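Thanks for passing this one along. Here are my notes, set out as numbered points so that you can follow them with the structure open.

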Amino acid sequence: MSVDVKYTTQATANGGRDGRAQTQDGSLDVKLSTPKELGGAGGAGNNPEQLFAAGYAACFLGAMKFVGGQEKIAVPADTTVTAKVGIGPRSEGGFGITADLTISLPGLDKATAEKLVEKAHQVCPYSNATRGNVDVGLTVA
């Protein structure tokens with residue numbers, strides 16, 4: 001499948017999970033640390049799973065706004081998406097991740113909210129990138 005790219009960004013990491021990562025324009029510069037659960041020291045710093053969770057949550061909310069505009073569904077201003085990302089060994093070898101999104105759409109009836117979430121899951125770039133490779137759960141809170 002081809003993509004008509006409209007925006008490109010670049011980030012560089014050094015030192016792996018216990019290093020730094022920053023975007024080319026310098027707007028994001030994070031210290032990285034490995035969680036204790038993965039054998040690291042933990043402490044100050046973020047890890048790739050946290051960054052993925054933040055990106056997925058923000059992107060999914062953007063997808064809901066896009067779909068809402070197309071479907072004439074007003075997405076409440078206080079809508080939230082919480083992404084829970086897990087990492088661990090895969091039965092096939094190597095490591096894998098899981099993602100669970102909890103979506104809160106205050107004031108929207110459950111049927112409309114679920115329709116919006118399902119359609120957003122079809123257009124969200126993160127959902128499309130993970131489909132068939134990462135188990136993604138969707139819960140409308």
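1. Two strands are taken as paired if DSSP finds at least two bridges between them. With that in hand, please keep in mind that this is a predicted model. One of its sheets is open, has three strands in the order 4-5-6, and shows mixed pairing. Strand 4 (80–89) and strand 6 (135–140) stand at its edges with a single partner strand each, so one side of each has no neighbour in the sheet. On average, neighbouring strands here are turned by 15° against each other, direction ignored.

2. A word on the overall layout. The protein has three helices and six strands, and from the N terminus on the elements run β-β-β-α-β-β-α-α-β. Taken along the principal axes, the C-alpha atoms fill a box of roughly 45 × 35 × 35 Å.

3. Back to the mixed sheet: how do strand 5 and strand 6 run, and how many bridges join them? Strand 5 (residues 95–104) and strand 6 run parallel and are joined by six bridges. Across this pairing, T102 stands opposite T139 in strand 6. Helix 1 packs on the sheet, where it touches strand 4, strand 5 and strand 6, and its direction makes about 140° with that of strand 4. Helix 2 also packs there, touching strand 5 and strand 6, with its direction at about 155° to that of strand 6.

4. The other sheet to look at is open too, with three strands in the order 1-2-3 and antiparallel pairing. Its edge strands are strand 1 (11–14) and strand 3 (29–31), each of which pairs on one side only. The average turn between neighbouring strands of this sheet is 10°, direction ignored.

5. Within that sheet, strand 1 and strand 2 (residues 20–23) run antiparallel and are joined by four bridges. A11 has T23 in strand 2 as its bridge partner, while A13 stands opposite A21 in strand 2. The hairpin of strand 1 and strand 2 has five residues between the strands, and G15 takes a positive phi near 85° in this hairpin.

6. Next, the helix pair. Helix 1 (residues 48–71) and helix 2 (residues 110–123) pack at an angle of about 115°, and their axes are 8 Å apart. The two helices are therefore roughly perpendicular to each other; the class covers 65 to 115 degrees. The crossing of helix 1 and helix 2 is right-handed.

7. Which residues meet where helix 1 and helix 2 pack? On the helix 1 side they are Y56, F60, A63, M64, F66, V67, G68 and E71, and on the helix 2 side K115, L116, V117, K119, A120, H121 and V123. The residues of this contact divide into 10 nonpolar, two polar and three charged.

8. Finally, the aromatic rings. A pair of such rings is described by the distance of the centres and the angle of the planes. A search of the whole structure finds three aromatic pairs. In one of them, the rings of F52 and Y56 have their centres 5.8 Å apart and their planes at 70°, so this pair is edge-to-face. F52 and Y56 are four residues apart in helix 1, which means that about one helical turn separates them. Y56 also belongs to the helix 1 residues that meet helix 2.

Notes: Residues are numbered from 1 along each chain as its sequence is written. This is a predicted model: local features need pLDDT of at least 70, side-chain atom pairs count only at pLDDT 80 or more; totals for chains, interfaces and linings use all residues. Side-chain values use heavy atoms; hydrogens and water are left out. Axes are lines fitted to C-alpha atoms, for helices over the stretch in contact, and angles run from 0 to 180 degrees between N-to-C directions. Angles under 35 degrees count as roughly parallel, over 145 as roughly antiparallel, 65 to 115 as roughly perpendicular and the rest as oblique. A crossing is left-handed if the near helix is turned anticlockwise from the far one by less than a right angle, and right-handed if clockwise. Contact means heavy atoms within 4.5 Å. Ala, Val, Leu, Ile, Met, Phe, Trp, Tyr, Cys and Pro count as nonpolar, Asp, Glu, Lys and Arg as charged, and the others, Gly among them, as polar. Rings of Phe, Tyr and Trp (its six-membered ring) pair if their centres lie within 6.5 Å; planes under 30 degrees apart count as stacked, over 60 as edge-to-face and the rest as tilted.
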